Amino acid sequence: MKICVIRAMKIVITDGYTLNPGDLSWEPFSQFGEVIYYDRTAPELVAARCQDATVIITNKTPINAETISKASHLKIIAVTATGHNIVDVSAAKMKNIFVCNVPVYGTDSVAQHAFALLLELANQVGKHNQSVQDGDWYQSVDWCYSKAPVIELRNKILGIIGFGKIGQQVAKIGEAFGMKVIYNTRTAQPLQPGKVSLEELFTQSDFISIHCPLRPDNHSFLNKNLFVLMKPTAFIINTSRGQLIQEQDLADALATGKLAGAALDVLSVEPPLTNHPLINLTNCIITPHIAWSSFEARQRLMQTTLDNVMHALRGDPTNVVNQ
């Protein structure tokens, strides 16, 4: 169905740089009307920039009730992510505004990054490379040396918290390395053999990888009460949400040797404050929330966002989170 007013529409992209730092194109969105692009939008500028929008495309820029109330022509809020807590979905629903997200786009990329972190914990490639670059191999009296133990993954126990698409993909990779997979999920029926209680998972696992969504009832649920159950040789990996972990408790466990190490792609506040307790710990690897950001994943993300806008404008919306 062709919409006769389509050229009068304004599509406001509030913070497009993260999704597209220059290797993709926003041009396809111009088929719907005038595209107004911003790399980033400060909170105090959101309402003014969006007041004439028919479509708002946002990644992490909050779209609150005030912005929604002032945008008299607004029909669609397209979130270029799976999480949509940055949008006041209730306010949007009251005005019959579709809020659409992208539920599946980064399964392989996130699972790959989770295992990149796991392998870094096991092999310490970065530490050994830095040692060589610093000249340690030149000065070695032996033909090889080790700056940290190298861990073989075969027969190690991989515990996965959350067993959706990403968790299951991580399980497949772990099994390919010969690891034994156990998991914990809220799903009533086991998805495959190996489902255990959370306490059993923390007690048994050599590596724990977190892949569950953030909900009101699980904020900071990964804390000292569970960390104390872990083997002192065990590691924890988080590519899900930083707020799932009580970070000071994790820092204390790492600093006192009650836990061998951690590798995190997410923190509770991003960017972190300069005095963050986990930064500069020698046994904690941190990457800046990049597990989702492969070119291929971002390409899928943009294409699905384009499809979401197109379908919503045609009256047959997809991936709506506020119906």
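**Helix 4, helix 6 and the sheet beneath the questions**

Modeller: In this predicted model, helix 4 (residues 107-123) and helix 6 (residues 165-176) pack at an angle of about 50 degrees, with their axes 9 Å apart. Axes are lines fitted to C-alpha atoms, for helices over the stretch in contact, and angles run from 0 to 180 degrees between N-to-C directions. Helices (H or I, at least four residues) and strands (E, at least two) are DSSP runs, numbered from the N terminus. Residues are numbered from 1 along each chain as its sequence is written. Local features need pLDDT of at least 70 and side-chain atom pairs count only at pLDDT 80 or more, while totals for chains, interfaces and linings use all residues, and side-chain values use heavy atoms, with hydrogens and water left out.

Biologist: Why are helix 4 and helix 6 called oblique to each other?

Modeller: Angles under 35 degrees count as roughly parallel, over 145 as roughly antiparallel, 65 to 115 as roughly perpendicular and the rest as oblique. The angle here is about 50 degrees, and the two helices are therefore oblique to each other.

Biologist: Which residues make the contact between helix 4 and helix 6?

Modeller: With contact meaning heavy atoms within 4.5 Å, helix 4 contributes Thr107, Asp108, Val110, Ala111, Ala114 and Phe115, and helix 6 contributes Lys165, Ile166, Gln169, Val170, Ile173 and Gly174.

Biologist: What makes strand 7 and strand 11 edges of the sheet?

Modeller: Two strands pair if DSSP finds at least two bridges between them, and six strands form an open sheet in the order 7-6-8-9-10-11, with parallel pairing. Strand 7 (180-184) and strand 11 (284-286) each have a single partner strand, so one side of each is left without a neighbour in the sheet. The twist averages 15 degrees from one strand to the next.

Biologist: How do you know that strand 9 and strand 10 pair?

Modeller: Four bridges join strand 9 (residues 235-238) to strand 10, and the two run parallel; one of the bridge partners is Ala262 of strand 10, which is matched with Ile236. Strand 8 (residues 207-210) also pairs with strand 9 in the parallel sense, over four bridges, and Ser209 has Ile237 in strand 9 as its bridge partner.

Biologist: Are the residues of strand 10 buried or exposed?

Modeller: Buried means under 20% relative accessible area, exposed over 50% and partly exposed in between (1.4 Å probe, protein chains only). Gly261 and Ala263 point one way from strand 10 (residues 261-264), Ala262 and Leu264 the other way, and all are buried.
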